[in-house]
Amino acid sequence: MNYRFMRVIVFFDLPVGTASQRKEYTRFRKHLLKSGFIMMQESVYSKLALNTTVGNAIKNNIYKNKPAEGLVQILTVTEKQYSKMEFVVGKSESEVLDSDERLVIL
């Protein structure tokens, strides 16, 4: 099987004016975390996909669990494109190992 690593990036801006809106925001955010997404910034989450088929399944899962209101956007890029991301200010800080490298111990 040929692997072509992809990144699925989810951007969202949800209303939080009422208690029910805050509950929906929390539900959607927790769904992303339970699905394996990592937070890049507030309201920007990404997940590594092995190939286009897996990427499409991830996107379909987001569609099934979308909030009732607000803005949710999905962008899929190749891992090569993602690795070319430039940091203008700040640096990448993550306690999560976020790469496609594999460790083999013989």
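This is a guided tour of a predicted model, stop by stop, for a reader who has the structure open in a viewer.

The model is predicted, so local features are taken only where pLDDT is at least 70 and side-chain atom pairs only at pLDDT 80 or more, while totals for chains, interfaces and linings use all residues. Residues are numbered from 1 along each chain as its sequence is written, and side-chain values use heavy atoms, with hydrogens and water left out.

**Stop 1: strand β1 and its partners**

Select residues 6-13, which form strand β1; helices (H or I, at least four residues) and strands (E, at least two) are DSSP runs, numbered from the N terminus. Six of the eight residues of β1 are buried, where buried means under 20% relative accessible area, exposed means over 50%, and partly exposed lies in between (1.4 Å probe, protein chains only).

Add strand β3 (residues 44-49), which runs antiparallel to β1 and is joined to β1 by six bridges; two strands are said to pair if DSSP finds at least two bridges between them. To find this pairing in the viewer, take Phe11, whose bridge partner in β3 is Val44. Then add strand β4 (residues 71-78), which pairs with β1 in the antiparallel sense over eight bridges, and look for Asp13, whose bridge partner in β4 is Leu71. In a regular strand the side chains alternate between the two faces of the sheet.

**Stop 2: Ser46 in β3**

Staying with strand β3, select Ser46, which is buried with a relative accessible area of 1%. Leaving aside its neighbours within four places in sequence, Ser46 is in contact (heavy atoms within 4.5 Å) with Arg7, Val8, Ile9, Gly36, Phe37, Ile38, Met40 and Tyr82. For a distance across the fold, draw a line between the C-alpha atoms of Ser46 and Leu75, which are 29 residues apart in sequence and 9.3 Å apart in space.

**Stop 3: the nonpolar core**

Select Met6, Val8, Val10, Phe12, Leu14, Phe28, Leu32, Phe37, Tyr45, Ala49, Ile58 and Ile62, the 12 residues of the largest nonpolar core, a core being a set of buried Ala, Val, Leu, Ile, Met, Phe, Trp, Tyr and Cys residues joined through side-chain atoms within 4.5 Å. At least two residues of this core are supplied by each of β1, α1, β3 and α2 (52-64), and the largest share, four residues, comes from β1. Centre next on Ile58, which touches Val8, Phe37, Lys47, Leu48 and Ala49 when residues up to four places away in sequence are not counted.

**Stop 4: the aromatic rings**

Three aromatic pairs are counted in the model, under the rule that rings of Phe, Tyr and Trp (its six-membered ring) pair if their centres lie within 6.5 Å, with planes under 30 degrees apart counted as stacked, over 60 as edge-to-face and the rest as tilted. The rings of Phe12 and Tyr25 have their centres 5.8 Å apart and their planes at 55 degrees, so this pair is tilted; because Phe12 lies in strand β1 and Tyr25 in helix α1, the pair ties together parts that are 13 residues apart in sequence.

Keep Phe12 selected, as a residue that is buried at a relative accessible area of 5%, and add Phe28: the ring centres of Phe12 and Phe28 are 5.3 Å apart and the planes stand at 85 degrees, so this pair is edge-to-face. Phe12 in strand β1 and Phe28 in helix α1 are 16 residues apart, and their pair links distant parts of the chain. Phe28 counts as buried, at 0% relative accessibility. Adding Tyr45 completes the cluster that ring pairs form from Phe12, Tyr25, Phe28 and Tyr45.

**Stop 5: the salt bridges**

Two salt bridges are counted, each defined as a side-chain nitrogen of Lys or Arg within 4 Å of a carboxyl oxygen of Asp or Glu. In one of them the side chains of Glu79 and Arg7 meet, at 2.7 Å from N to O; Glu79 lies in helix α3 (residues 79-83) and Arg7 in strand β1, so the pair ties together parts that are 72 residues apart in sequence. Both Glu79 and Arg7 are buried.

Move to Glu24, which forms a salt bridge with Arg27, the closest N and O atoms being 2.9 Å apart. Glu24 and Arg27 are three residues apart in helix α1, so about one helical turn separates them. Glu24 counts as partly exposed at 25% relative accessibility, and Arg27 is partly exposed too, with a relative accessible area of 33%.

**Stop 6: His31**

Finish in helix α1 (residues 19-34) by selecting His31, which is buried with a relative accessible area of 14%. Not counting residues up to four places away in sequence, His31 touches Asn61 and Asn65.
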